[in-house]
Amino acid sequence: MHDPLSMITPAPPDAATARRIAALGYDPAAQAQELPAGCNLCGARERQVEVAHRDRYGYPTTLVVCGRCGLGYLSPRLTAGAYAHFYDRVYRPLVSAYHNRRIDAETVQGDQRAYAVQLADFLGPWLSSPPRAILDVGGSTGVVGKILGEQLGGRVTVLDPSPGELAVARAAGMETVAGFVEDFDPGERRWDLVLLCQTIDHLLDVGATLAALRRMTSSVGRAFVDVLDVDWVRERVGSIGRCVKVDHPFYLSRLTAEAFLGLAGFTVVAERLAGDGHWGFVLAPGQRRPPDWPALESRAAAFLAETVPPPQWPPTPVAGTD
Ligand SMILES: [Zn+2]
């Protein structure tokens, strides 16, 4: 999705913002919704604690945090079909209404270019040789892929669900694949550099996506994944409720991100915290490794103790998720 930096600084909607959002006529509560089967990281079904009930746009949106591992996620959330409609028709107008300026595939290109130049500088020293092939998962119009291909070398493939955005990437000379990475069968094809840039929070299945990324990374290759750190955002905006947005089904921290990456069979070879709160991980294919569950659980308990006021703490199971 390549969110511009400005999109991660939420403020509660004032009256004018609320009017602009209301004028869009979108109501997530009227869309098809589903309850996730369980925690996408640890699989727990009964440890979710509700920590917020409204998102930064003012939409009724429930964020739960898993008491076993600390992963935050929306439950219920829009179905895949409802999200497809949301991204097709609502997402850009909604963020434009929220920030009171036009934000679309064209205007975000400046942010994406700056991001790509910085990313190429960061990745360069961690690649053993120039990549022959680069895959940008969720790479939209290919702005980031194109710059990385130019600066690091390698033919670029862009995988994205939006045919309209892919047409721009194709016109710029890149190979394109329409669809979701979890559904994409690459056969024997592997890439020397696989990217998942500022996209993970928008996914519906983080574990399956990272497993797919791992399969597509060549044995000597590298992957890069960055994750908006919910702890960083919460510290900045003052409350967990102001971190919530309907377009982010998932809320990861550095700890939960590393747990996901180890389970997928990635070894972290370098990491950085960008100025906008994204942890970036350079990854090598390795063995699947279970996380330190007790450490995750104690961090989750500390997070919930400071987030959820009594009497909601200690947690009670969220009805209907068993
Ligand atoms: Zn969990």
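Select residues 133-137 and 155-160: these are strands β6 and β7, which pair in the parallel sense over five bridges. Bear in mind that this is a predicted model.

Stay on this pair and pick Val137. Which residue of β7 stands opposite valine 137? Leucine 159 does.

**Out to the whole sheet**

Now select strands β6 to β10, then add β12 and β13. These seven strands form an open sheet. Read across in this order: β8, β7, β6, β9, β10, β13, β12. The pairing is mixed.

Go to the edges next. Select 175-178 for β8 and 266-273 for β12. Why is one side of each left without a neighbour in the sheet? Each stands at an edge and has a single partner strand, so the other side has none. Turn the view to follow the strands: from one to the next, the twist averages 20°.

**Over to two helices**

Leave the sheet and select residues 15-23, helix α1, with residues 80-99, helix α2. The two helices pack with their axes 8 Å apart, at an angle of about 160°. An angle over 145 degrees counts as roughly antiparallel, so α1 is roughly antiparallel to α2. Their crossing is right-handed.

Show the side chains where α1 and α2 meet. Which residues should you pick in α1? Take Thr17, Arg20 and Ile21. In α2, take Leu94, Ala97 and Tyr98. Colour this contact by class: four residues are nonpolar, one is polar and one is charged.

Note on methods:
Residues are numbered from 1 along each chain as its sequence is written. This is a predicted model: local features need pLDDT of at least 70, side-chain atom pairs count only at pLDDT 80 or more; totals for chains, interfaces and linings use all residues. Two strands pair if DSSP finds at least two bridges between them. Helices (H or I, at least four residues) and strands (E, at least two) are DSSP runs, numbered from the N terminus. Axes are lines fitted to C-alpha atoms, for helices over the stretch in contact, and angles run from 0 to 180 degrees between N-to-C directions. Angles under 35 degrees count as roughly parallel, over 145 as roughly antiparallel, 65 to 115 as roughly perpendicular and the rest as oblique. A crossing is left-handed if the near helix is turned anticlockwise from the far one by less than a right angle, and right-handed if clockwise. Two residues are in contact if their C-beta atoms, placed from the backbone, lie within 7 Å. Ala, Val, Leu, Ile, Met, Phe, Trp, Tyr, Cys and Pro count as nonpolar, Asp, Glu, Lys and Arg as charged, and the others, Gly among them, as polar.
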